[in-house]
Amino acid sequence: MKDVIIKEKIFNHSIDIVWNAISKKEEISKWFIKTDFKAEKGYQYRFSSESNKKDCTDITGTVVEAFPYTLIYTWLVAGTNIETTITWKLESVTEGTKLYLEHSGISKYKGDTAITMFESFNGGWNGCINQLENYLKLNMNAG
């Protein structure tokens, strides 16, 4: 069973623009899920699912690390007691910004639930990266 989901993407945007999109509640709420998130170590956040979104569930957690350009927080899906970890890292590259996303600890779920959650998270993160890309393209006036 794979325990870690890794996604990498290069965005045609500055590192600060991408950082703001993944760390500021106003921006996260536009492209991902409504949230009260603060990129401050120890902050306990909530992503609030919208009742009209298919397969969307409330998520809570605590910010473990938050400094430009690394963000780490725990991830607890409502209705479960399994805490996993999300890590975002950004790096300036010639083309703009390289985003590295890691979701780890999924094997803490038992048996078939771990496989189901891995598949759900993996597909969900693909969608989130696409939503982030679309948000940046539409709202930041760049490619």
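**A seven-strand sheet and its helices**

Trainee: Where is Ser49 found?
Mentor: Keep in mind that this is a predicted model. Ser49 is not part of a listed strand here; its place is a loop. That loop runs between β3 and β4.

Trainee: Is Ser49 buried, partly exposed or exposed?
Mentor: The relative accessible area of Ser49 is 26%. Buried needs under 20%, and exposed needs over 50%. The value lies in between, so Ser49 is partly exposed.

Trainee: How far apart in space are the C-alpha atoms of Ser49 and Ala78?
Mentor: Along the chain, Ser49 and Ala78 are 29 residues apart. In space, their C-alpha atoms are separated by 10.0 Å.

Trainee: Which residues of β3 form its covered face?
Mentor: β3 covers residues 44–48. In a regular strand, side chains alternate between the two faces of the sheet. Gln44, Arg46 and Ser48 make the uncovered face. The covered face is Tyr45 and Phe47.

Trainee: Which residue in β4 is the bridge partner of Phe47?
Mentor: Start on the β2 side: β2 and β3 pair in the antiparallel sense over 2 bridges, and Thr35 stands opposite Phe47. Now turn to β4. β3 and β4 pair in the antiparallel sense over 4 bridges. There the partner of Phe47 is Ile59.

Trainee: What are the edge strands of the sheet?
Mentor: The sheet is open, with 7 strands in the order β1-β7-β6-β5-β4-β3-β2. Its pairing is antiparallel. An edge strand pairs on one side only, and that holds for β1 and β2.

Trainee: About what angle does the direction of α1 make with that of β6?
Mentor: α1 packs on the sheet. It touches β1, β4, β5, β6 and β7. With the direction of β6, the direction of α1 makes about 165°.

Trainee: And what angle does α3 make with β1?
Mentor: α3 also packs on the sheet, touching β1, β5, β6 and β7. Its direction makes an angle with that of β1 of about 15°.

Trainee: In β7, which residue is the bridge partner of Ile5?
Mentor: β1 and β7 pair in the antiparallel sense over 8 bridges. One of these pairs joins Ile5 to His103.

Trainee: How many residues lie between β6 and β7 in their hairpin?
Mentor: β6 and β7 pair in the antiparallel sense over 9 bridges. Val93 stands opposite Gly96 in β7. The number of residues between the two strands is 2.

Trainee: Over what distance should α3 span?
Mentor: α3 has 29 residues, and each counts for 1.5 Å. The expected span uses one less than the number of residues. The end C-alpha atoms are 42 Å apart, which agrees with the expected 42 Å.

Trainee: Which helix gives the most to the largest nonpolar core?
Mentor: The largest nonpolar core has 39 residues. Those with the most contacts inside it are Trp31, Phe47, Tyr73, Trp75, Trp88 and Leu99. The top contributor gives 10 residues, and it is helix α3.

Trainee: What covers the buried residues of α3?
Mentor: Buried residues in α3 include Phe118, Phe121, Trp125, Ile129 and Leu132. In soluble globular proteins, nonpolar side chains tend to be buried together. The cover includes β1, α1, α2, β5, β6 and β7.

Trainee: Is Thr74 buried or exposed?
Mentor: Thr74 lies in strand β5, residues 70–77. Its contacts include Tyr45, Gly61, Glu83 and Thr85. Its relative accessible area is 10%, and the cut-off is under 20%. Therefore Thr74 is buried.

Trainee: At what distance does the side chain of Thr74 reach the backbone nitrogen of Thr62?
Mentor: Thr62 is among the residues that Thr74 touches. Tyr73 touches Thr62 too. The side chain of Thr74 reaches the backbone nitrogen of Thr62 at 2.7 Å.

Trainee: Is the peptide bond from Pro68 to Tyr69 cis or trans?
Mentor: Tyr69 sits in the loop between β4 and β5. Most peptide bonds are trans. From Pro68 to Tyr69, omega is near 15°, and the bond is cis.

Conventions
Residues numbered from 1 in each chain as written. Predicted model: local features only at pLDDT ≥ 70, side-chain atom pairs only at ≥ 80, totals over all residues. Heavy atoms only, no water. Buried < 20%, exposed > 50% of the residue type's maximum accessible area, 1.4 Å probe, protein only. Polar contact = N/O pair within 3.5 Å; in protein donor to acceptor, adjacent residues only side chain to side chain. Contact = heavy atoms within 4.5 Å. Core = buried A, V, L, I, M, F, W, Y, C linked by side-chain atoms within 4.5 Å. Pairing = 2+ DSSP bridges. Axes fitted to C-alpha atoms, helices over the stretch in contact; angles between N-to-C directions. Lists of a residue's contacts leave out its neighbours within four places in sequence.
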